[in-house]
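Work through the exercises below with the sequence and the coordinates open. Each task is followed by a stepwise solution.

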Amino acid sequence: MRGLYAALGMVPENGDLESVSPIDGEILGSVQTPKAADVDKIIADARHAFEAWRAVPAPRRGELVRLLGEELRAAKEPLARLVTLEAGKIVSEGLGEVQEMIDICDFAVGLSRQLYGLTIASERPEHRMIEQWHSLGPVAIVSAFNFPVAVWAWNAALALVCGNSILWKPSEKTPLTAAAVMTLLDRAVARFGDAPAGLAQLLHGGREIGEALARDPRIALVSATGSTRMGRTIGPLVAARFGRSLLELGGNNAMIVAPSADLKLAERAILFSAAGTAGQRCTTLRRLIVHQSIADGFVARLAALYALLPVGDPRDDGVLVGPLIDEAAADTMADALDAARSQGGIVHGGERLGPRFVRPALVEMAAHDGVVLQETFAPILYVLRYDTLAEAIALNNAVPQGLSSAIFTTDLREAEAFIADTGSDCGIANVNIGPSGAEIGGAFGGEKETGGGRESGTDSWRAYMRRSTNTINYGSALPLAQGVRFEI
Ligand code: UN1
């Protein structure tokens, strides 16, 4: 750990929150959580920083994010290694997570010159209407253990170029990766030169910190990623003060495998999206809807592949499935498998291989019900069968969550039907690609209990700004809209 701290320029802390590696239970280090009075000061500082930062031209704000991208490029390997140690991701996925941060920084730098408004045709003569986008205020980012740094970057890079200060409450399970990223950001800030103090701050801790941020009217936007249960607490707290929230909550993502599908491609996509990251992505494939005509052979083949999945130390070459984040997660998986069995499910795999290590499970279910409707944050893939595409799409949509979805088909009509208005009801609907592993260029998020927020690409930046509509009269009369007359 000492070498890693040095490579990341981190100073070890001796705090009250310990970081435990899911790989072997080793204590990696600790960080300090703030007291209630500290939280108040942190928020006040964020407010002051915002007032200064919003006056900095957006392309100049982009320069800070460009420098952050440089720091991340330079520290990619050690930061990825820390992600592996603290979150249990395999090396390639740890590197991918840091790459995702670099990608969003690049995106945000370009965006810093493209925060475009609109010119609107006015109904009145010699009038012009415009729409401008202004900075919003301090943005609180609440992130989860499974993408301990990338999801922060999606929010932070956009929020910063949009003129906002940022506060970050990372998962209490991954405090060190957060501390490492703040060290890199501090370095970028130092190189930038004149960024206001308090522009980007870190608040370690549990749900009480998230709730304090959600309650505080000085926080303009709360962007929270995590379970639907967390969202049910945070969302109403923010709404009660008419604040803004951006919620990225649970997913129960499905893939339809049609009779015409390229089954080799489908197999690869299924293994990555269902077993990758040990089933701990919000976009993880959780339900497989296979056409009756191919189901027997395809499921048998998948069960055989599942048995070959290399589970083990995520630092080792060739391992594809690392540990679950903690023992409670492995217990929850075992409970879900018991529930599936009691619903008549046939379970392939799913054995516990250590306190936190599990073999991914493939579970054939007769009915789309009970445990299948819940998001269990573990590598369990429920398999269901269908006859007609309409039935498969209905199953895809018949869960409370609406994050991601996919179809494997070579039939153009089926592919288009799936992504049409009347097709998948999710925020993400893919064709011949699994539901996980999105690029940053697209807007990321989902409907229903997933929370409705969108982060990352396209116009998600608008969530971090406020809209101002301006009507300008450059004539010498005062015509009223809708032809209203009001003259003495
Ligand atoms: C998450 O699991 O919270 O699309 C985010 C993906 C990743 C991000 C997942 N790019 O799977």
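**Exercise 1.** At which residue does UniProt place the feature "active site"? Locate that residue in the fold.

Solution. Numbering starts from 1 along each chain, in the order in which its sequence is written. The model is predicted, so local features need pLDDT of at least 70 and side-chain atom pairs count only at pLDDT 80 or more, while totals for chains, interfaces and linings use all residues.

Step 1: the unreviewed UniProt entry puts the "active site" at Glu248; such annotations may be inferred rather than shown by experiment.
Step 2: glutamate 248 belongs to strand E9, where strands (E, at least two residues) and helices (H or I, at least four) are DSSP runs numbered from the N terminus.
Step 3: glutamate 248 counts as buried because it has 29 C-beta neighbours inside 10 Å. The cut-offs are 20 or more other C-beta atoms within 10 Å for buried, 12 or fewer for exposed, and partly exposed in between, with C-beta atoms placed from the backbone.

**Exercise 2.** Describe the pairing and the burial of strand E8.

Solution.
Step 1: E8 spans residues 221-225, and 5 of its 5 residues are buried.
Step 2: on one side these are Leu221, Ser223 and Thr225, and on the other Val222 and Ala224.
Step 3: E8 runs parallel to strand E5 (residues 139-142), with 4 bridges between them; two strands pair if DSSP finds at least two bridges. Alanine 140 has valine 222 of E8 as its bridge partner.
Step 4: strand E9 (residues 244-248) is also parallel to E8 and is joined to it by 5 bridges. Here serine 223 is bridged to leucine 246 of E9.

**Exercise 3.** List the shell around the ligand and state where the ligand lies relative to the domains.

Solution.
Step 1: the surrounding residues are Glu100, Asn146, Phe147, Val151, Thr225, Arg281, Cys282, Thr283, Ser436, Gly437 and Ala438, the criterion being a C-beta atom, placed from the backbone, within 6 Å of the molecule.
Step 2: by class, the shell holds 4 nonpolar, 5 polar and 2 charged residues. Nonpolar covers Ala, Val, Leu, Ile, Met, Phe, Trp, Tyr, Cys and Pro, charged covers Asp, Glu, Lys and Arg, and the others, Gly among them, are polar.
Step 3: the ligand lies between domain 1 (1-249 + 451-470) and domain 2 (253-431), because both give residues to its shell. The bounds come from an automatic or database domain assignment.
Step 4: one shell residue, Thr225, is also among the buried residues of E8.

**Exercise 4.** What values does phi take at alanine 278 and at serine 456? Give the setting of each residue.

Solution.
Step 1: phi is near 50° at alanine 278 and near 75° at serine 456. Most residues other than glycine have a negative phi.
Step 2: alanine 278 sits in the loop between helix H10 (263-275) and strand E11 (285-291), whereas serine 456 is part of strand E20.
Step 3: alanine 278 is buried, since 32 C-beta neighbours lie inside 10 Å. Serine 456 is buried as well, with 26 other C-beta atoms within 10 Å.

**Exercise 5.** Which confidence values accompany the model?

Solution.
Step 1: mean pLDDT, the predictor's confidence in each residue from 0 to 100, is 97 for the protein, and 100% of its residues reach 70 or more.
Step 2: ipTM is 0.97 and pTM is 0.97.
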